[in-house]
Amino acid sequence: MPLADLGDVQLNYTLRGPETAPPVVFAHALGTDQHIWDRVIDLLPDGLRILTFDLRGHGGSSAPDGPYSMGTLVRDTERLMEFCEIRDSLFVGLSIGGMIAQGLAVKRLDQIRALVLSNTAAKIGTPEIWQRRMAAIRSGGMTAISTDTMQRWFPRAYVKSGAHAPTQAQIENCPSEGYLGCCAAIAGTDFYTPTSGLRLPALGIAGSEDGSTPPDLVRETVDLIPGSQFTLLRRTGHVPPIDQPETYAERLTHFMQEIAHLG
């Protein structure tokens, strides 16, 4: 996969589809990487220009010293989209990716014409919660938080079956510096006021079993944007692209049809 050298960070990205096709940008969850979208992308209609990437400190991207700010993560994404010459995109952000989506939409409406805010919120958790998680990682490494994360992310039956194991391994292999840096960015973010000023097509997606960003929290955030839509996916949790890619792709496709964002 190519690397975009942005000076202070090198971002690992994948760009596929015709140059003139409607662009869709995907931003992944904390501790994962761009591959959480693979099965969803395989199920989307042809004729899209699709950009996926690894956040700084994740996957194949570089991991500069932290802590990071949300403004820095937004700026990374802004510069990558400029590098790839992408404007007027549908931006799909999950968890921290959804926070980046909100920040970028406020800053660069020329880059984003519609939003999907998935399993995310204008404010996630409290600074105290994030500080406790960061302290656990500093003392015990990524394995100190991986099991609890799986309990919050997936339905009980999914974890019991062992299907969560590849995702848990991915989190345990995430560079701790990158994870900690992004934890600090989330801890310092409250987008309630800026997000309430957005005026663009928006879809919220929540999982009924999401222990990280419960459905009511997702709905509260999406409701800040007038005219937005909200979808609750049953029997899934915080990362439906992993355990329910078919349902997720179907809802994305329907939204793209509604906003005329298909080639």
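Which strands does helix 12 lie across, and at about what angle does this helix run to strand 8? In this predicted model, helix 12, made of residues 245-258, lies across strand 3, strand 5, strand 6, strand 7 (202-207) and strand 8, and its direction is at about 165° to that of strand 8. The sheet that these strands belong to is a good place to begin.

Eight strands make up an open sheet with mixed pairing, and their order across the sheet is 1-2-4-3-5-6-7-8. Its edges are formed by strand 1 (3-5) and strand 8 (229-233), each of which pairs on one side only. From one strand to the next, the twist averages 25°. In general, the strands of a sheet pair through backbone hydrogen bonds, in either a parallel or an antiparallel sense. One pair that can be followed in detail is that of strand 3, residues 23-27, with strand 4, residues 49-53, which are parallel and joined over four bridges. Within this pair, valine 25 has leucine 51 of strand 4 standing opposite.

Another helix that packs on the sheet is helix 3 (residues 96-107), which lies across strand 3, strand 5 (89-94) and strand 6 (112-118) and runs at about 140° to strand 5. Strand 3, strand 5 and strand 6 are also among the strands that helix 12 lies across.

Two places in the loops deserve a careful look at the backbone. As a rule, most residues other than glycine have a negative phi, and most peptide bonds are trans. In the loop between strand 5 and helix 3 sits serine 95, whose phi is near 60°, a positive value in a residue that is not glycine. The loop between strand 4 and helix 2 holds proline 67, and the peptide bond that joins glycine 66 to proline 67 is cis, with omega at about -5°.

The empty space in the structure can be followed next. Rolling a probe the size of a water molecule over the atoms shows where such space is left. A search of the whole structure finds one cavity of 30 Å³ or more, and the largest cavity contains about 30 Å³ of space. Its lining consists of Leu11, Phe53, Leu55, Arg56, Leu73, Asp76, Thr77 and Ile100, which by class gives five nonpolar, one polar and two charged residues. Helix 2 (residues 70-83) contributes the most to this lining, with three residues.

The largest pocket, for its part, has a volume of about 180 Å³. It is lined by 15 residues, of which Ile124, Trp130, Arg133, Arg152 and Ser212 are the closest to its centre. Helix 4 (127-140), helix 5 (143-153) and helix 8 (176-187) each supply at least two residues of the lining of this pocket, and helix 4 gives the most, with three. By class, the lining of the largest pocket has seven nonpolar, six polar and two charged residues.

How far the details may be read depends on confidence, since predicted coordinates should not be read in detail where pLDDT is low. Here the mean pLDDT of the chain is 97, and 100% of its residues reach 70 or more. Confidence is lowest in strand 1, where the mean is 96, and highest in strand 3, at 99.

Conventions. Residues numbered from 1 in each chain as written. Predicted model: local features only at pLDDT ≥ 70, side-chain atom pairs only at ≥ 80, totals over all residues. Heavy atoms only, no water. Pairing = 2+ DSSP bridges. Axes fitted to C-alpha atoms, helices over the stretch in contact; angles between N-to-C directions. Contact = heavy atoms within 4.5 Å. 1 Å grid on protein atoms, 1.4 Å probe; cavity = no way out; pocket = protein on both sides within 12 Å on 5 of 7 lines; lining within 4 Å. Points joined across faces, edges and corners; volume = space filled by probe spheres on them. Nonpolar A, V, L, I, M, F, W, Y, C, P; charged D, E, K, R; others polar. pLDDT = per-residue confidence, 0-100.
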